[in-house]
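Student: Got a minute to go through this model with me? I'd like to start with the charged pairs.

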Amino acid sequence: MSECVMEEEERAESTVPSCVSLKSDKSKEEPERNFSIGPQGSPLKMDEDRAESTVPSWVSLKSDWSKDGIINLRSSEEIYQKRSASIGDSSCPEGENKQRTELQTADLNNSVSQGGELQEVIEGHKISLKRRCEHVTEGTHEAGSGTLLNKIYTELYITEGQSEEVDTQHEVRQLERTSKKNIQDTPIKCQDIFKVLSEQQRHIRVVLTNGVAGVGKTFSVQKFSLDWAEGLENQDISLVLPLSCRELNLIRDEQHSLLSLLHVFHPTLQKIRAEDLTVWKLLFIFDGLDESRFSLDFNKHQVISDVTQVSSVDVLLVNLIQGNLLLSALIWITSRPAAAYQIPPSCVDRITEVRGFTDSQKEEYFRRRFSDEDLSRRIISHIKASRSLHIMCLIPVFCWITAIVLEDMMTRDQRGELPQTLTDLYSHFLRVQMKRKKQKYGGKQRPGKLTDLYSHFLRFQIKRKKQKYGGKQRPEELTEADKELLLKLGRLAFEHLEKGNIMFYSEDLERCGLDVSEVSVYSGVCTEIFKRESVIFQKSVYCFVHLSIQEFLAAVYMFHRYTRKDTVVISQFLEYSEPVTSLDDFLRRALMKSLESKNGHLDLFVRFLHGLSLKSNQRILGGLLDQRNSHPETIQEVLNNLKEVNSDEISPDRSINIFHCLMEMKDQSVHQEIQEFLKSEKKSERRLSEIHCSALAYLLQMSEEVLDELNLQQYNTSEEGRRRLIPAVRNCRKAELSDSFLSTSHWEVVASAMTSNPSHLRELDLSRNKTLADAGVKLLSSAMMHPNCRLETLSLSGCSLSETSCDSVASALKSNLSHLRVLDLSHNTLQDSGVKRLCSGLESPNCKLERLRSVFIFLPIYQLLRW
């Protein structure tokens with residue numbers, strides 16, 4: 001049982017909303033549907049008669065309802081009016097729910113019998129929640145429009161547990177790992193996330209649901225809330241109470257009690273009394289922890305135990321999670337992985353992860369989206385041929401982006417090559433949105449004078465005459481207004497990417513020169529790039545449809561700043577005093593900055609920067625970027641720099657992004673050479689460069705076939721090259737890493753291989769690694785105590801173990817989770833204190849060790865063997 005949430009005994013059998021699962025909030029009685037597919041195959045199409053609407057509701061970064069994808073800038077006033085009309089709460093896809101005991105249920109019935117008013121309040125809340133959640137509203141559509149959620153909903157793949165190292169990897173890398181099917185995954189239905197499964201004994205009170213941006217977390221919350229409001233699921237819960245973190249941000253500087261907080265965000269509950277909250281079964285759903293702009297301090301905070309006690313929002317949230325406030329309440333928190341660390345593991349009873357679309361669901365999405373079978377077949381075939389596109393299509397919103405681009409390119413006279421890289425795809429996507437805006441004469445582009453009208457007429461006639469060069473249609477130039485808007489959005493994207501923000505408020509837009517009212521009128525340009533969310537207090541929240549779009553626009557902005565010689569912005573970003581001298585110098589410095597990032601938050605941004613250096617991608621953007629610096633000689637210099645980057649002090653995981661940058665620049669040479677190497681029968685004779693090793697490490701760890709043995713000494717390469725191979729440990733059964741000079745970053749990768757889900761590693765040889773040190777031994781020992789670890793044989797021979805290291809090893813031996821059977825400690829000059837530490841581990845009843853090699857330990861061996 002969680003330390004933070006001691007349960008009442010009589011609540012042991014309580015089973016909170018099963019549908020809360022990250023997996024999919026699919027209605028219980030309905031057959032499986034296609035999650036992001038609307039009528040006639042459109043992704044989350046909002047209105048059946050809205051033929052032009054194509055943006056999936058789940059496309060939203062946080063909230064899964066957006067019409068035109070890039071930017072949905074509808075006015076908050078419209079949305080607020082809609083909410084007020086629906087008995088107004090301000091957070092549609094989120095729900096609060098508390099679980100209570102049998103006794104509490106009895107108290108509730110007694111309370112209701114004394115006054116039917118309270119029961120009417122509950123019914124009114126259900127009606128309000130149903131009105132707000134039954135439709136998926138997109139883009140700039142008027143309030144009240146939309147498609148029924150139940151018509152387009154389909155299950156997502158949700159598992160119990162989570163991938164390891166979620167806070168140290170860019171989300172694209174996380175997608176790459178989860179793209180590999182794992183037969184050991186434990187699928188869990190959304191309806192079951194609060195149920196006690198198998199032999200688990202403790203009650204599930206707090207559930208943390210992880211998932212990368214755009215994968216469908218909020219969509220799941222919305223479906224769960226709707227099912228409860230319609231009386232289909234979890235009717236043992238008295239109230240489902242959605243509280244969106246993006247909206248809680250708006251009152252982060254205010255003081256509230258829990259009761260007043262509910263009154264503010266759920267106006268239909270004004271008549272709820274403090275005593276009602278203590279006897280009812282409630283579920284609080286805090287959706288989007290990663291979007292919060294307040295920090296949670298679980299160590300030093302005011303203790304709140306009364307629902308009428310006033311404090312700040314973050315303190316109320318901490319006390320709810322810890323159980324100081326309403327111990328019987330159920331808590332469901334959703335978050336992107338990188339922000340989930342804020343919740344201490346001791347306070348969480350279950351972790352689930354939304355994995356997105358399976359391969360079959362990807363194909364179903366495109367088949368249902370397009371009535372033209374030949375078109376859907378060609379699109380599916382193209383996606384399968386590109387590994388990067390196929391992996392990204394795990395995310396429903398990326399399927400929609402891909403569909404938008406490929407449909408446009410395949411249904412018009414297009415002789416050019418279809419997009420193979422992410423930069424290709426996003427450049428075309430941006431162009432498609434610009435074209436759609438112009439077709440609608442949006443905002444400032446509407447002709448108002450005769451000269452304007454005839455100018456547009458003449459331009460239209462010229463446009464009809466296809467001008468082609470090089471077998472490709474010449475892209476139409478962007479207008480100055482388009483360029484100005486995109487660059488302002490790019491600035492917003494870049495500045496907040498560095499801060500880690502994915503949600504923006506009106507003041508954020510204004511600081512970047514974006515006039516809120518103007519953007520709303522001009523939203524035809526960006527309704528599928530940026531979107532405006534409904535919030536309370538007639539205030540608006542904005543976000544990019546997906547984090548990758550924010551990263552792409554940030555790269556466009558930064559590349560434009562480079563072409564304009566903006567030394568101030570460039571210097572602040574690169575943190576260099578010396579001026580940038582050339583394109584290859586700029587990209588090299590940007591790459592090195594990204595490689596130094598602990599969590600890889602700039603990985604995709606830097607990949608886009610390299611992809612934008614190609615003239616082919618610059619042409620797609622219609623004159624937005626200056627092409628004069630992208631000479632063939634310069635591009636070749638950039639490629640050479642990538643192949644020669646010295647990353648000796650960089651994490652091997654970060655180094656893999658160098659290979660991705662090459663691929664983004666359409667240089668297939670390294671990839672082809674590694675493919676030939678893998679087919680060769682004389683691998684030891686072929687010399688591998690460092691970039692070859694990064695590519696090989698990536699391909700080996702992504703392979704569906706688990707490698708029997710990885711022996712670094714068998715590869716004909718430099719010491720740095722061998723270190724770059726370390727990530728392949730994640731996909732092998734036996735790893736020979738002896739005689740290697742590895743740093744902490746390398747031991748972190750090895751530890752992650754031991755704790756990954758699933759972990760294939762059974763044997764690990766670290767002999768004669770003088771750099772292992774106490775910190776490395778502690779990392780590996782902690783990994784051996786992880787429930788995913790299956791390591792059986794470990795060699796620490798000749799590693800100069802200290803007393804502290806012996807203590808760490810002993811701790812692992814004492815753990816009932818350790819599977820270690822064979823341990824080699826030979827050639828270690830241990831002191832008496834170290835031997836005693838090891839003995840304590842060997843004598844533990846949990847120790848499963850069968851063989852211990854201790855030759856040349858210069859102290860009485862019997863002390864080690866008496867166990």
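Student: Which residue does Asp508 form a salt bridge with?

Tutor: Asp508 pairs with Arg293, and their closest N and O atoms are 3.2 Å apart. A salt bridge here is a side-chain nitrogen of Lys or Arg within 4 Å of a carboxyl oxygen of Asp or Glu. Keep in mind that this is a predicted model: local features need pLDDT of at least 70 and side-chain atom pairs count only at pLDDT 80 or more, while totals for chains, interfaces and linings use all residues. Residues are numbered from 1 along each chain as its sequence is written, and side-chain values use heavy atoms, with hydrogens and water left out.

Student: Where do Asp508 and Arg293 sit in the chain?

Tutor: They link distant parts of the chain, 215 residues apart. Asp508 is in helix H18 (residues 506–511), and Arg293 is in the loop between strand S9 (282–287) and strand S10 (311–312). Helices (H or I, at least four residues) and strands (E, at least two) are DSSP runs, numbered from the N terminus.

Student: Is Asp508 buried or exposed?

Tutor: Asp508 counts as buried because its relative accessibility is 2%. Arg293, at 25%, counts as partly exposed. The cut-offs are under 20% relative accessible area for buried, over 50% for exposed, and partly exposed in between (1.4 Å probe, protein chains only).

Student: Which other side chain does Asp508 meet in a salt bridge?

Tutor: Arg511, at 2.6 Å from N to O. Both residues lie in helix H18, 3 residues apart, which is about one turn of the helix. An α-helix has 3.6 residues a turn, so residues three or four places apart point the same way. Arg511 counts as exposed, with 52% relative accessibility.

Student: How many salt bridges are there in the whole structure?

Tutor: A search of the whole structure finds 37. Another of them joins Glu575 and Lys593, with the closest N and O atoms 3.6 Å apart. Glu575 is in the loop between helix H21 (567–574) and helix H22 (583–595), and Lys593 is in helix H22, 18 residues apart. Glu575 is exposed at 63% relative accessibility, whereas Lys593 is buried at 17%. There's also a network: salt bridges that share partners join Arg273, Glu275 and Asp276.

Student: Switching to strands. How many residues of S9 are buried?

Tutor: 6 of its 6 residues, so S9 is mostly covered under the cut-off for buried, under 20% relative accessible area. Leu282, Phe284 and Phe286 are on one side, and Leu283, Ile285 and Asp287 are on the other.

Student: Why the every-other-residue pattern?

Tutor: In a regular strand the side chains alternate between the two faces of the sheet.

Student: Which strands pair with S9?

Tutor: Strand S7 (residues 239–244) runs parallel to S9, and 6 bridges join them. Strand S11 (residues 330–335) also pairs with S9 in the parallel sense, over 5 bridges. Two strands pair if DSSP finds at least two bridges between them. For residue pairs, Leu243 has Phe286 as its bridge partner, and Ile285 stands opposite Trp332 in S11.

Student: And the sheet with S18 in it, what's the strand order?

Tutor: The order is S18-S19-S20-S21-S22-S23, an open sheet of 6 strands with parallel pairing. Strand S18 (707–711) and strand S23 (851–853) are the edge strands, each pairing on one side only. Strand S22 (residues 822–824) and S23 pair over 3 bridges, and Asp824 stands opposite Arg853 in S23.

Student: OK, now helix H11. Which of its residues are buried?

Tutor: In helix H11 (residues 359–369), the buried ones are Gln361, Lys362, Glu363, Tyr365, Phe366 and Arg369. What covers them includes strand S12 (350–356), helix H12 (373–385), helix H13 (387–392) and helix H14 (396–410).

Student: Last one: what does Arg723 touch?

Tutor: Arg723 touches Asp648, Pro652, Phe741, Leu742 and His746, not counting residues up to four places away in sequence. Contact means heavy atoms within 4.5 Å. Its side chain reaches the backbone oxygen of Phe741 at 3.2 Å. Arg723 is found in helix H29 (residues 719–724), and at 14% relative accessibility Arg723 counts as buried.

Definitions and conventions: A polar contact is a pair of N or O atoms within 3.5 Å; within protein, one must be able to donate a hydrogen and the other to accept it, and residues adjacent in sequence count only if both atoms are side-chain atoms.
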